[in-house]
Amino acid sequence: MNPTTRRRFLGTTALLGAASATGVAGVTTAAAQGRGPADTDAGQLIGPSSVQYEDLSRGVNQRWAGTPDWIRVPRTTGQVVAAVQQAVDSGRRIAVRGGGHCFEDFVSGRDVRAVIDLSALDSVAHDTRLRALAVGAGARLGQVNEQLFKRWGVALPAGSCPTVGVGGHISGGGYGPLNRLHGLTVDHLHAVEVVVVDQSGTARAVVATREKDDPRRDLWWAHTGGGGGNFGVATRYWLRSPGAEGTDAGRLLPAPPKELLVSSVVWPWDALDARSFSRLLRNYSAWHVAHNGANEPESDLYSHLAVFHRSGGAVALNVQLSTQRGNPEQRLGRFLTEVGEGVGVKPKTVERSRLPWLLSTQWPGFADRPTAKRIKGKSAYHRRAFDERQAAALHQHLTRTDYTHPGSGVLIAPYGGQVNTVAADATALVHRDSALILMYISEWTDPAEDERHIGFLRDLYEEVYAPTGGVPVPDASTGGAYINYPDTDLRDAARNRSRTGWQELYYGGNYPRLQRVKGRWDPRDVFRHALSVEPPAAHGGRP
């Protein structure tokens, strides 16, 4: 039996004989819970002649359209195992798509020849054996919010864009409107099921948990902020908050606020000069630095400050807070007063209303639904409030007259409270002492304008962080970058002029440990992209 035939045989055996494949403490993988003959194939096959091909060969970001030889849409973990084995045996470069929100071409690159689309793995269920809520990696946040809340009255502190897939969102760390109250998404991750490929080229499904005695715990840890496309194909996540006991599904995750007060206010750009803009920006960031503690009374208050090019007409602030704490109207008024103090421009209230929690997850102030756009994104963590120079750099570029596009700017959100109660090495997500997370972004539709918009965003970003080589190096002021907003510019010496490599910007001191996990679980470097964790011997960069 030659090596290729042997691998195919073993891969098929892993599917048909998976009744013996168990995780920790007898946890059976989905491959072992086969659902009949369908598990013996590799999922629906989509080829270039298929009607679905044009849609499934691209994600939300219309800058990237792939040309894979085939796309598989598996319905079970067993089918994922078979699809991965098929790609490995045929020598095809493989990539995985969940919600399709990647800023870079990690799934649609020219060298990607096989794509596994996880959209059919979208179940949400109560697993009494693991005492956790099991979510398929192809589920989207809007669906997860609805299922968890309607069926059990609980919530996962996750992102606010309902079309984002949980597969990449969770593995990259995951944050959102409840993170100051309940921590990051990964702080509630109990276990993960992953299809991996060993040194012999054999694909198999394993389950890794956060239990201290789990020999696979390192693989769980890598999925708590290590990013997607690094170690294997995550097919299912089990969610259970630390300290949760019993099997009652309604007590396994936090209950969200029953009702929220939401508000949108705007400051017209025409009324803001450099001084007033700087005061507004510094007030907002200083408030979050001052209210960044683990037991902060205002931890239920979450907001976005949308600072986009002045051609859009206004700087907008969207806020939500629980109506069950104190006097919500007074608390909101106090927050807006502190943010606007000394600005000299009175904001205009666009909206103020009370919404039940589930409806609030669909509120346009937070629930972004990007469609048919070309996107470039960057990120930064801030530990301190903006200084005068940073504010001046933002004002300079956002008021440029040689560039007018309302879809370019920066979205600033809080990142503290319970997030900061977890040690930097307890999860792969190292950025635990930040007060703010920033998403620099440009969205447009015309391919002919790619260079113009990407160039603007680069200029803006690199000017803000000019003293540290054009990137937010981890220091007293800033704290690196967020892997779920990937930016290949960070590995380009012409754009990153610091002495800090992209690995440290994204992973800090956790990177060597992630490399060891990579070496153990993906020794052949099957799962890779431009910013993926490198095997231990390739720390200087892949050839």
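This passage describes the sheets, one helix and the aromatic contacts of a predicted model.

Two open sheets were examined. One has seven strands in the order β13-β10-β12-β11-β15-β16-β14, and its pairing is antiparallel. The edges of this sheet are formed by β13 (348-356) and β14 (374-382), each of which pairs on one side only. Between neighbouring strands of the seven-stranded sheet the average turn is 15°, with direction ignored. Strands of a sheet pair through backbone hydrogen bonds, in either a parallel or an antiparallel sense.

Within the seven-stranded order, β11 lies between β12 and β15. Strand β11 covers residues 302-308, and seven of its seven residues are buried. In a regular strand the side chains alternate between the two faces of the sheet. In β11, Tyr 302, His 304, Ala 306 and Phe 308 point one way, while Ser 303, Leu 305 and Val 307 point the other way. Residues of both sets are buried.

On one side, β11 pairs with strand β12 (residues 314-322) in the antiparallel sense, over five bridges. In this pairing Tyr 302 stands opposite Gln 320 of β12, and Ser 303 stands opposite Val 319 of β12. The two strands form a hairpin with five residues between them. Gly 313, in the turn of this hairpin, has a positive phi of about 100°. With strand β15 (residues 408-414), β11 pairs over four bridges, again in the antiparallel sense. Here Ala 306 of β11 is placed opposite Leu 411 of β15.

The other sheet is also open and contains five strands in the order β5-β6-β9-β7-β8, with antiparallel pairing. Strands β5 (124-127) and β8 (203-209) are at its edges; each has a single partner strand, so one side of each is left without a neighbour in the sheet. The twist from one strand to the next averages 25° in the five-stranded sheet. Strand β7 (residues 189-197) and strand β9 (residues 233-239) are paired in the antiparallel sense through six bridges. Glu 193 has Arg 236 in β9 as its bridge partner.

The loop between β9 and β10 (259-268) contains Arg 251. The relative accessibility of Arg 251 is 61%, so this residue counts as exposed, the cut-off being over 50%. Arg 251 and Gly 417 are 166 residues apart along the chain, and their C-alpha atoms are separated by 22 Å.

Helix α8 comprises 17 residues (274-290). At 1.5 Å a residue the helix should span 24 Å, and the distance of 24 Å between its end C-alpha atoms agrees with this. At the start of α8, a side-chain oxygen of Asp 273 comes to within 3.2 Å of the backbone nitrogen of Arg 275. The buried residues of the helix include Phe 277, Leu 280, Leu 281, Tyr 284 and Trp 287. Polar residues are also buried in α8, among them Ser 276, Ser 278, Asn 283, Ser 285 and His 288.

The structure holds 18 aromatic pairs. One of these joins Tyr 440 and Tyr 461, whose ring centres are 5.0 Å apart and whose planes stand at 90°, so the pair is edge-to-face. This pair links distant parts of the chain, with Tyr 440 in strand β16 (residues 436-444) and Tyr 461 in helix α12 (residues 450-464), 21 residues apart. Tyr 440 counts as buried at 0% relative accessibility. Tyr 461 is likewise buried, with a relative accessible area of 1%.

A further edge-to-face pair is that of Trp 502 and Tyr 511, with ring centres 6.0 Å apart and planes at 70°. Trp 502 is counted as buried at 5% relative accessibility, and Tyr 511 is counted as buried at 2%. Ring pairs also connect Phe 103, Tyr 175, Tyr 381, Tyr 415, Tyr 482 and Tyr 485 into a cluster.

Two contacts between a charge and a ring complete this description. The charged end of Lys 378 sits over the ring of Tyr 461, 4.9 Å from its centre. For Arg 513, the charged end sits over the ring of Trp 221, at 3.8 Å from the ring centre.

Definitions and conventions:
Residues are numbered from 1 along each chain as its sequence is written. This is a predicted model: local features need pLDDT of at least 70, side-chain atom pairs count only at pLDDT 80 or more; totals for chains, interfaces and linings use all residues. Side-chain values use heavy atoms; hydrogens and water are left out. The expected span of a helix is 1.5 Å times one less than its number of residues. Buried means under 20% relative accessible area, exposed over 50%, partly exposed in between (1.4 Å probe, protein chains only). A polar contact is a pair of N or O atoms within 3.5 Å; within protein, one must be able to donate a hydrogen and the other to accept it, and residues adjacent in sequence count only if both atoms are side-chain atoms. Two strands pair if DSSP finds at least two bridges between them. Rings of Phe, Tyr and Trp (its six-membered ring) pair if their centres lie within 6.5 Å; planes under 30 degrees apart count as stacked, over 60 as edge-to-face and the rest as tilted. A charge sits over a ring if NZ of Lys or CZ of Arg is within 6 Å of the ring centre and within 35 degrees of the ring normal. Axes are lines fitted to C-alpha atoms, for helices over the stretch in contact, and angles run from 0 to 180 degrees between N-to-C directions.
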